[in-house]
Amino acid sequence: MGEGHQQRGAPAGKRLLFPGRRGSPRGLPGGGGAPGAQRFLLGLFMHAWLCVASGSHAQVFNLSLSVDEGLPPDTLVGDIRAGLPAAQQQEGGGFFLSEDSDDSPLLDDFHVHPDTGIIRTARCLDRERRDHYSFVAATLLGAVVQVEIRVNDVNDHSPSFPRDSLQLDVSELSPPGTAFRLPGARDPDAGLFSTQGYTLLQPSDLPEDPAGPFFQLRYGTPGSPPSSSPLEPLDLVLLRRLDREAAATHELHIEAWDGGRPRRTGHLLVELRVLDENDNPPVFEQGEYRAVVREDARPGAEVCRVRATDRDLGPNGHVRYSIRARPALWPLGDAAYFTVEELSGVVRVQRPLDREAQAWHQLVVEARDGGAEPEVATVRVSIAVLDVNDNPPAIHLLFLTEGGAARVSEGAALGDYVARVSVSDADDGTEQEEEAVGEPGVGLGRGSISLSLEGGDGAFALRSGGSPGVFFLCVEGPLDRESRDLYDLRLVATDAGSPPLSTEETLLLRVADLNDQPPLFSREHYLASVSEAAAPGTAVVWVSASDADEAGTDHARLRYALVHLPGRCNPEGVWPTAECGPSFTIDPESGVISTVRSLDREVQEAVELRVVAQDLGEPPLSATCLVSITVDDVNDNEPTFQRQVYNATLAEHTPVGHCFLQHDWQFFELLGYSKKA
């Protein structure tokens, strides 16, 4: 268990102590008596011995012994005599012992027999507490043995970490290759029995990640100088990016192991928390939202709710909503009609809607998280505006007359088209199939709007135009402008809403005139007289005719003309059957008949005229009347006899009153006669 060699001289640097210093005086041969006296005597003896030995050059021998730690007490360590030469080993006598320091635990940890020099353990040794002992043993003959006892290491300690567990906070944006320093394990054992390496254990209950592990261990190279920790530093190296949203924590089991057989291990639990970073944008629950809203919804009414989630934590995961403005096709963009609550994502009506103006709205709702550099997501929200019955039907009229005027010819035949009528309702967006009611025998299909015609006294009716929503206003009875020149018609369109809405269209339809009425004189026979002394151009009589056709038109505008009837005149007063020339004319516009030359009652005392009144229609219509004019006599002629001399024979005794001479004065003015004597 040991070996020795010889050395001359006193042991340098050693202080010799008496064996009886601690406990019983077992180091002194035949020891007994009081401890104080023994120490005094032993001290005196050793001083004397040292003086002698130093002067006589005592022999000094070295003895190296070793013993494994952890062996039970009373385990044999060695024999001090083994350090002496063989010749001196048989010499009797005991040994005096000297420890290497005042606090040496030699006599506490070993039993050294003072007579035999046998060394045994006094207790279970612990190399980690003390790995070697040294003392000096001297024989009575002056031989000195310097004893070194080395405690051999055995693998009686497991590697241990400063603590059983620790927490690491690691950002999920840490790049691969990032190293995190870990405390190394300590093993009091030495050499091969100390910590030799580390292993990152994979929990058996977790499936292997096909992408590979997230971490690996990196530590120093074994075989470093004993003065340093050979396996430090110990680093946990990140191999690939972490994702807190996939795994918020990682529980790592690190094993430290030594080189014993069997090897001993120590464990460290690393609870790694992945710190959240704003690496995830908000995600909407739907790729697109579709909603409907009534067009009469009040501002503030809820339309729908959008919801986006952000897998990040804290402010990084707090989502706020807004509507992104877009270029508008209308004066007010879609975003002007709706708003979204910032925190709840509820989309509400912001201003009154009108389906007829815009039936469909598309919004882009934006979800933004609260990160320092916020992530943004968008979603489209399509909102259909549901129609409500807030618009009455509309009636559209197109007159089929020349110029598009609201009129119909009084000569129109039954069934002739007067106007095209179409009905639409803005609530439905397109023209519907309508239905005209109230007119017997008219089938106009089916639909959600009814159309009826009122007024006209049966002169007009509605008929289907063949296409949905198209009708024709037709002549249904005879028309006579002179009897009725204006018809007040009313078209009523009613939808099928609840309550129904209706529209009335009043149609004032004028009957256009035809030249179907001839002129009519106020009298059939006009009587007039004129003085024969009247100057030419003197108005004699005014004839008047009227036309029942439309006033102001050519159909009612008249022209007058005279037709002279044959008349008898006596220019000389002797030819009673002679004809006379025209003496009168008529104004074609006014119908005033006037003289065109001087009159002579004695030539023509009466004139018969026929007046023709003709309108300007096409073809023209005319009428006639008779005008009788008497020429009044004036005293414009002297009396004349037919003969200058009249001869008569008178019988005697002719009675009084008997006519004996007759004078003819037929063609003369009434004369007064007187007899001269």
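Is E288 buried, partly exposed or exposed? E288 counts as partly exposed, because its relative accessible area is 23%, above the 20% under which a residue would be buried. Keep in mind that this is a predicted model. Here is a short tour of its salt bridges, of which the count comes to 30.

**The E288–R380 pair**
- E288 and R380 meet through their side chains in a salt bridge, with 3.3 Å from N to O.
- This pair links distant parts of the chain, 92 residues apart: E288 sits in strand β17 (residues 288-294) and R380 in strand β24 (residues 376-386).
- Like its partner, which has 23%, R380 is partly exposed, in this case with a relative accessible area of 39%.

**The D457–R484 pair**
- A salt bridge also forms between D457 and R484, whose closest N and O atoms are 2.5 Å apart.
- D457 belongs to the loop between β29 (449-454) and β30 (460-464), while R484 belongs to the loop between β31 (470-475) and β32 (486-495), so the bridge ties together parts that are 27 residues apart in sequence.
- D457 is exposed, because its relative accessible area of 66% is over the 50% cut-off.
- R484, at 29% relative accessibility, is partly exposed.

**The network around R601**
- R601 and E602 form a salt bridge through their side chains, at 3.7 Å from N to O.
- R601 counts as buried, because its relative accessibility of 19% falls under the 20% limit.
- R601, E602, E605 and D633 are joined into one network by salt bridges that share partners.

Methods
Residues numbered from 1 in each chain as written. Predicted model: local features only at pLDDT ≥ 70, side-chain atom pairs only at ≥ 80, totals over all residues. Heavy atoms only, no water. Salt bridge = Lys/Arg side-chain N within 4 Å of Asp/Glu carboxyl O. Helix = DSSP H or I, 4+ residues; strand = E, 2+ residues; numbered from the N terminus. Buried < 20%, exposed > 50% of the residue type's maximum accessible area, 1.4 Å probe, protein only.
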